[in-house]
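Let's work through this structure together, one "how do you know" at a time. Keep the sequence and the model beside you as you read.

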Amino acid sequence: MGGNGVLVCAPLECETLEGMLSSMDKAKAHGADLVELRVDAMSFARVSEVEELIRRRTLPAIVSFRLNSTRASRRQNDKTTCLQVLRLALELDVEFVEMEHEVVSHFDIDELMDKRSSSKLIVSRYLNGEKPCKEKLGNLIALMQSSGGDVIKLLVDVDYITDLAPIFQLLTTCQVPLIATTAGDRGLISQLLGPKFGGFLAYGSLEGVIPGLPTLTSLRQVYKIEHMNADTKVFGLISNPVGHSKGPLLHNPTFRYVGFNGIYVPMLVDDIKEFFRVYTSQDFAGFSVGIPHKEAAVACCDEVHPLAKSIGAVNTIVRRPTDGKLIGYNTDCEASITAIEDALRERHAANGQARAIDTSPIAGKAFVLVGAGGAGRALAFGAKSRGARVFVFNRNFETDFTVGSSCKCEKREQKP
Ligand SMILES: NC(=O)c1ccc[n+]([C@@H]2O[C@H](COP(=O)([O-])OP(=O)(O)OC[C@H]3O[C@@H](n4cnc5c(N)ncnc54)[C@H](OP(=O)(O)O)[C@@H]3O)[C@@H](O)[C@H]2O)c1
């Protein structure tokens, strides 16, 4: 557990006792504080095998048995087995026992709770495509708490990253320990940012085992979520796709190196306008903008730097702390053109070719671009401003590629 009290939990769904035990050891080595033992995923002939698993555990555990899981619903007498497993977990004083809200009423909860000594009860609910408002979620949590839950867990389907906003608000205001877990790639930041908003625990997978969950290694080594707190500023890459980005590997260690309380996360965004309509808080302090949003980002900003305006694309947005306004910049242009110039100068020096220092090595050269999107605009503008002749190849002839007043283009269609 980190300084912020947040636990990192690895869910384990192995079929065998030995599989569960070896995954638990791996989870421990990768920095998990506890494991969720999904017993309904196991094939076991006798409950004594579950007893052995619990007794041999090497980390604190949540014991869960989902009656609605595919495997459990195939099994005969699953309700009886579920009750046996949960009762056993309470008798063995497992740290947490998880029960689905829908099935709490199937049991004599008082009789079950009499068995416990220090175990905490997690009451969980899968919202199954529902998108309840904050108020409805609040009522649901109260109901789940009244059924005996010490900790409440909500599993939410996420279609868009904006679906997470009510969850973050709920985590901030909820008086009961709350776990919010999400299904799907667009929910990834719920685990990365949960600790900032007061989530009780964050789930992390063993390498690549559960899509949409961060790995334990990334939670511990890249994001260091144990250092996150309510004041942590959130930065991210708005892009689609976004999984390829090396941004988190670069920015998070840099924040730590300079002693800045920030986190940089991948944000899988479908609609950038909607994203900025929903995420208006100062907590979301700055953004990189990637494929395919650089051009649409211009209209989302309150102010746009003249260079970005001329290019017609924004790749960096800062939320100004004084008034919350979004200010757009373009760093692609100078970064890419100077990188090309540096490489050419190095090559000229290695070849013994003398060049005037004050003239760009791309001046007068043919500069060929493949692609006419936001990044292409920045490169075309930069190359043109250095005196290159710019040629753009694009699959879609209709794309409007006029870049500012200095970079008018003439279209020539390639006949098949
Ligand atoms: N390393 C860096 O710092 C950096 C910085 C910026 C961008 N990038 C990379 O540069 C690339 C372009 O980014 P962007 O923001 O300009 O994206 P964008 O605005 O979406 O533009 C993408 C361009 O690629 C073309 N395109 C897409 N799929 C294609 C396909 N299957 N076949 C042929 N052409 C295709 C599009 O053509 P249409 O006009 O026909 O749609 C468009 O011209 C991305 O890979 C991005 O990750 C890297």
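Two strands pair if DSSP finds at least two bridges between them, where strands (E, at least two residues) and helices (H or I, at least four) are DSSP runs numbered from the N terminus. The model here is predicted: local features need pLDDT of at least 70, side-chain atom pairs count only at pLDDT 80 or more, and totals for chains, interfaces and linings use all residues. Residues are numbered from 1 along each chain as its sequence is written.

Q: How do you know that strand β9 (residues 233-239) and β10 pair?
A: DSSP has to find at least two bridges, and β9 and β10 are joined over 7 bridges, in the parallel sense. One example is Phe235, whose bridge partner in β10 is Tyr264.

Q: What makes the β-α-β crossover from β9 to β10 right-handed or left-handed?
A: The test is to look with the strands pointing away from you: if the path from the first strand over the helix to the second runs clockwise, the crossover is right-handed. Here the chain runs from β9 through helix α11 (residues 247-257) to β10, and the crossover is right-handed.

Q: Why is strand β10 (residues 262-268) described as largely enclosed by the rest of the structure?
A: A residue is buried if 20 or more other C-beta atoms, placed from the backbone, lie within 10 Å of its own; it is exposed if 12 or fewer do, and partly exposed in between. In β10, 6 of the 7 residues are buried, so the strand is largely enclosed.

Q: How do you know that the length of helix α15 (residues 332-350) agrees with what it should span?
A: The expected span is 1.5 Å times one less than the number of residues. For the 19 residues of α15 that gives 27 Å, and its end C-alpha atoms are 27 Å apart, so the two agree.

Q: Why can the buried residues of α15 be said to line one face of the helix?
A: These residues are Asp332, Cys333 and Ile337. The arc is taken from the directions from the helix axis to the C-beta atoms, and they fall within 105 degrees, so they line one face. The face turned away carries exposed residues, including Glu334 and Ala335.

Q: What do the buried residues of α15 pack against?
A: They pack against α14 (306-311) and α16. Contact means C-beta atoms, placed from the backbone, within 7 Å.

Terms used:
Two residues are in contact if their C-beta atoms, placed from the backbone, lie within 7 Å.
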